[in-house]
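Student: I have a new structure to look at. Can you walk me through it?
Tutor: Sure, bring it up and ask away.

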Amino acid sequence: MKPTSLIISALLLSALCAVVFSENSHGPEKCCFDYVQKIKYESAIISYKNTHPSCARKAVIFTRRDGKELCADPSKDWVQHIIEGLEMGQTKNE
């Protein structure tokens with residue numbers, strides 16, 4: 001086999017490996033960079049999740065009925081209040 005063919009084959013193989021390994025990464029699904037200051041209608045929130053530990057900023061991601069996601073600071077009292085309401089199966093209408 002010619003040296004150029006060997007080099008091209010090695011490059012193609014390494015490119016293929018890079019694609020395969022990048023698709024199997026287990027990094028964060030979504031990270032937050034800004035927080036909302038307040039949520040006007042708590043009753044519109046249907047679920048929440050915490051951001052992945054590898055995200056630079058710790059946050060709670062609230063999901064509204066319309067599918068929109070809002071990032072909030074988990075250290076805030078109002079955020080904890082909404083989480084408690086969701087865990088109890090009820091939210092307070094405001």
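Tutor: We will go through the strands, a helix and some ring contacts; keep in mind that this is a predicted model.

Student: How many strands form the sheet, and in what order?
Tutor: There are 3 strands, in the order S1-S2-S3. The sheet is open and the pairing is antiparallel.

Student: Which strands stand at the edges?
Tutor: S1 (45–50) and S3 do. Each has a single partner strand, so one side of each is left without a neighbour in the sheet.

Student: What does the twist average?
Tutor: From one strand to the next, 25 degrees.

Student: Over how many bridges do S1 and S2 pair?
Tutor: Over 5 bridges, in the antiparallel sense. Lys-49 stands opposite Ile-61 in S2 there.

Student: Does anything pack on the sheet, and what does it touch? I mean, which helix?
Tutor: Helix H2, residues 77–88. H2 touches S1, S2 and S3, and its direction makes about 110 degrees with that of S1.

Student: Back to strands. How many bridges for S2 and S3?
Tutor: S2 (residues 60–64) and S3 (residues 69–72) pair over 4 bridges, antiparallel again. Thr-63 stands opposite Glu-69 in S3.

Student: What do S2 and S3 form, and how many residues lie between them?
Tutor: A hairpin, with 4 residues between the strands. In the turn, Gly-67 has a positive phi of about 95 degrees.

Student: New topic. How many aromatic pairs are there?
Tutor: A search of the whole structure finds 0.

Student: Then what sits over the ring of Tyr-35?
Tutor: The charged end of Arg-57, 4.5 Å from the ring's centre.

Note on methods: Residues are numbered from 1 along each chain as its sequence is written. This is a predicted model: local features need pLDDT of at least 70, side-chain atom pairs count only at pLDDT 80 or more; totals for chains, interfaces and linings use all residues. Side-chain values use heavy atoms; hydrogens and water are left out. Two strands pair if DSSP finds at least two bridges between them. Helices (H or I, at least four residues) and strands (E, at least two) are DSSP runs, numbered from the N terminus. Rings of Phe, Tyr and Trp (its six-membered ring) pair if their centres lie within 6.5 Å; planes under 30 degrees apart count as stacked, over 60 as edge-to-face and the rest as tilted. A charge sits over a ring if NZ of Lys or CZ of Arg is within 6 Å of the ring centre and within 35 degrees of the ring normal. Axes are lines fitted to C-alpha atoms, for helices over the stretch in contact, and angles run from 0 to 180 degrees between N-to-C directions. Contact means heavy atoms within 4.5 Å.
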